[in-house]
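Trainee: Could you take me through one part of this model closely? I would like to see how a bound molecule is held.

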Amino acid sequence: MELGIIGLGKMGGNMAERLRRGGHTVVGYDRDPALSDVGSLRELAERLSPPRAVWVMVPAGRPTQDTINGLGEILDEGDIVVDGGNSHYVDDQKHGEELAAKGIGFIDCGVSGGVWGLENGYALMVGGEEEHVRRLMPIFETLKPEGEFGFVHSGKVGAGHFVKMVHNGIEYAMMQAFGEGYELIEASDVVTNVPETFRSWQEGTVIRSWLLDLMNRALAEDPELDDIRGYANDSGEGRWTVQAAVDHAVPLPAISASLFARFASRQDDSPAMRVVAALRNQFGGHAVESAKGADSPGADVPPPAV
Ligand SMILES: NC(=O)c1ccc[n+]([C@@H]2O[C@H](COP(=O)([O-])OP(=O)(O)OC[C@H]3O[C@@H](n4cnc5c(N)ncnc54)[C@H](O)[C@@H]3O)[C@@H](O)[C@H]2O)c1
Ligand SMILES: O=C(O)[C@H](O)[C@@H](O)[C@H](O)[C@H](O)COP(=O)(O)O
């Protein structure tokens, strides 16, 4: 079938390629003219035959909002917009209502698989009306991995991005667990072959997984991960997961801790731990380390024996 794709970066570019390989006709628009097939959103719409389907694959927030506003002006009744970016599910409900007022359908689609999706397929988590999802099925079939799994129509508008958000929350906690296990094994004086240990876990263990495979790939490239600073960014999904947990009063200790660990990774020094150190010093005379490097007067006590 015909599809317009807006945003031809790491994800949209590969998705367009996978769809073309699958026999679909794709017209792509990107604000970067070097990537774009057409010069404007309007030209993209004109190149498609009605009823049209347009897939938005740009960063969440303002770029997605602007694109959906633009499409709302250009598309006609009966057309469908899919938001495949990592948008917040609460934005979907607004986008769905705005487009529905013009007779334009809206589907939110959480996409997983990263830059590997071109070859492996993309896991798709879809929210929207049954009739709209059915129309886009040829596209979903080509994008998803081969086989039984990798596609779900999770519910109404917002459901796709809600489950993608939770998927990413789980992703945060799993990565954090691998990271903490790595740090502890590295700290031990009995384990001498750290990369080999992680490699061995790829088969037979309870924790074998794609993330573990990717960790081994990274360790094969840089066995001590010396070239990477321990600084982890986030693009919103973990925060939204924790916010949703608060809204639903659902305890999420592991995912919350993994989100906060990322925030901690961005600090050169911890104001909170300066307070802890200052208070230990105040009540117990315990030594503090000077920000300038020298120890303060006062002897620390060893931790109690266990
Ligand atoms: N990278 C991943 O692993 C991954 C996986 C799943 C979902 N996502 C989501 O997919 C979306 C795209 O991610 P990406 O990794 O391809 O990002 P990217 O930065 O590689 O590509 C984004 C593209 O969108 C274009 N763009 C930005 N604003 C635009 C606008 N207003 N109009 C037209 N084009 C515009 C940029 O020029 C760029 O080419 C994001 O929402 C992201 O969160 C990313
Ligand atoms: O399932 C996936 O393919 C990834 O989760 C993907 O969505 C992306 O890599 C995240 O945007 C990273 O999210 P953070 O920037 O929040 O780590």
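Mentor: Start with ligand 1, where a backbone N or O atom of M11 lies 2.8 Å from one of the ligand's oxygen atoms. Keep in mind that this is a predicted model. D30 also reaches ligand 1: a polar atom of its side chain lies 2.6 Å from an oxygen atom of the ligand. R31 uses its backbone, with an N or O atom 3.2 Å from a nitrogen atom of ligand 1. How much of ligand 1 does the protein cover? On its own, ligand 1 has 830 Å² of accessible area, and the protein covers 77% of that.

Now look at the whole shell. There are 19 residues around ligand 1, and the ones that come nearest are K10, M11, D30, V58 and N86. Sort the shell of ligand 1 by class and you get 10 nonpolar, 6 polar and 3 charged residues. Two helices deserve a look here. Helix 1, residues 10-21, supplies at least two residues of this shell, and so does helix 3, residues 62-74.

Next, turn to ligand 2. N86 appears again, since N86 is listed among the residues around ligand 2. Others in that list include S112, G113, K164 and H167. Check the contacts of ligand 2 one at a time. The side chain of Y172 has an N or O atom 2.5 Å from an oxygen atom of ligand 2. The side chain of R262 places an N or O atom 2.7 Å from an oxygen atom of ligand 2. G114 works through its backbone, where an N or O atom lies 3.4 Å from an oxygen atom of ligand 2. Ligand 2 alone has 420 Å² of accessible area, and the protein covers 72% of it.

The shell of ligand 2 holds 1 nonpolar, 7 polar and 4 charged residues. Helix 7, residues 159-187, gives the largest share of that shell, 5 residues. Where does ligand 2 sit relative to the domains? Domain 1 (2-156) and domain 2 (164-284) both contribute residues to its shell, so ligand 2 lies between them.

Finish with strand 1, residues 2-6. Of its 5 residues, 4 are buried, so the rest of the structure largely encloses strand 1. Strand 1 runs parallel to strand 2, residues 25-29, and 5 bridges join the two. Find L3 in the picture: its bridge partner in strand 2 is V26.

How values were computed:
Residues numbered from 1 in each chain as written. Chains lettered and ligands numbered in written order. Predicted model: local features only at pLDDT ≥ 70, side-chain atom pairs only at ≥ 80, totals over all residues. Heavy atoms only, no water. Near = heavy atom within 4 Å. Polar contact = N/O pair within 3.5 Å; in protein donor to acceptor, adjacent residues only side chain to side chain. Areas by Shrake-Rupley, 256 points an atom, 1.4 Å probe, with all protein chains shown as cover. Nonpolar A, V, L, I, M, F, W, Y, C, P; charged D, E, K, R; others polar. Domains from an automatic or database assignment. Buried < 20%, exposed > 50% of the residue type's maximum accessible area, 1.4 Å probe, protein only. Pairing = 2+ DSSP bridges.
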